[in-house]
Amino acid sequence: MSRHQFVQELEQAADHIGYASRADLQVLLRRAALLLRNVGGLAIEPGTDEILNELAAEMGKPKLDLVETILADWLTANGAV
């Protein structure tokens, strides 16, 4: 499940909190805590995230390293560095 889908699930639970079971809320909260604990600090749209994951796997490097390389190259090409 993508982060975007999970956010939608959390919003739906919040909108219908009276109908959510304790167990469902507990699962959502634990998943939210896990995501927050492992957050990379950058929200990426699902389609873009999928492409980055595929490129990172193809290149054999972590996605974060790939994103840093792309940003550095873009900044250099655009005279920001």
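Just past helix α4, G79 adopts a positive phi of about 70°. The helix before that glycine, α4, runs over residues 63–77 in this predicted model. With 15 residues at 1.5 Å apiece, α4 should span 21 Å, and its end C-alpha atoms do sit 21 Å apart, so the length agrees with expectation. Much the same story holds for α3, whose 14 residues reach 20 Å from the first C-alpha to the last, close to the 20 Å expected at 1.5 Å a residue. A glycine follows here too: G60, just after α3, takes a positive phi of about 70°.

Stepping back to the whole chain, the count is 4 helices and 0 strands, and reading along the sequence gives the pattern α-α-α-α. As for overall dimensions, the C-alpha trace spans about 55 × 25 × 20 Å along its principal axes. The radius of gyration is 17 Å, whereas a compact globule of 81 residues would come in near 12 Å. Buried residues account for 10% of the 81 residues. Among contacts with a separation of 6 or more, 27% involve residues 24 or more positions apart. The accessible surface adds up to about 6,600 Å², with 58% of that belonging to carbon and sulfur atoms.

On the confidence side, the chain averages a pLDDT of 87, and 94% of the residues score at least 70. In the chain, α3 has the highest confidence, at 93, while α1 has the lowest, at a mean of 86. The usual caveat applies: where pLDDT is low, the predicted coordinates should not be read in detail.

Now for the charged pairs. Side chains of opposite charge can pair when their charged atoms come close. Taking 4 Å as the limit between a side-chain nitrogen of Lys or Arg and a carboxyl oxygen of Asp or Glu, the count comes to 2 salt bridges. One of them joins E9 to R31, with the closest N and O atoms 3.4 Å apart. E9 belongs to helix α1 (residues 3–15) and R31 to helix α2 (residues 22–37), so this pair ties together parts that are 22 residues apart in sequence. Both partners are partly exposed: the relative accessible area is 26% for E9 and 27% for R31.

The other bridge is between K63 and D49, where the closest N and O atoms are 2.4 Å apart. This pair links distant parts of the chain, with K63 in helix α4 and D49 in helix α3 (residues 46–59), 14 residues apart. K63 is partly exposed at a relative accessible area of 28%. D49 also counts as partly exposed, at 21% relative accessibility. Since the buried class covers anything under 20%, the 21% of D49 leaves that residue in the partly exposed class.

D49 turns up again in the surroundings of I44, a residue of the loop between α2 and α3. Once neighbours within four places in sequence are set aside, I44 is in contact with D49 and L52. At 28% relative accessibility, I44 counts as partly exposed. Looking further along the chain, the C-alpha atoms of I44 and H4 are separated by 8.7 Å, though the two residues are 40 apart in sequence.

A couple of other residues help fill in the picture. F6 sits in helix α1 and is buried, with a relative accessible area of 4%. Measuring tape aside, F6 and E54 are 48 residues apart in sequence, and their C-alpha atoms are 21 Å apart in space. T69, placed in helix α4, is partly exposed, with a relative accessible area of 33%. The C-alpha atoms of T69 and E11 are separated by 34 Å, with their positions 58 residues apart along the chain.

Conventions:
Residues are numbered from 1 along each chain as its sequence is written. This is a predicted model: local features need pLDDT of at least 70, side-chain atom pairs count only at pLDDT 80 or more; totals for chains, interfaces and linings use all residues. Side-chain values use heavy atoms; hydrogens and water are left out. Helices (H or I, at least four residues) and strands (E, at least two) are DSSP runs, numbered from the N terminus. The expected span of a helix is 1.5 Å times one less than its number of residues. Buried means under 20% relative accessible area, exposed over 50%, partly exposed in between (1.4 Å probe, protein chains only). Contact means heavy atoms within 4.5 Å. The radius of gyration is taken over C-alpha atoms; the globule rule is 2.2 Å times the number of residues to the power 0.38. Accessible areas come from the Shrake-Rupley method with a 1.4 Å probe; for residues, only the protein chains shown count as cover. pLDDT is the predictor's confidence in each residue, from 0 to 100.
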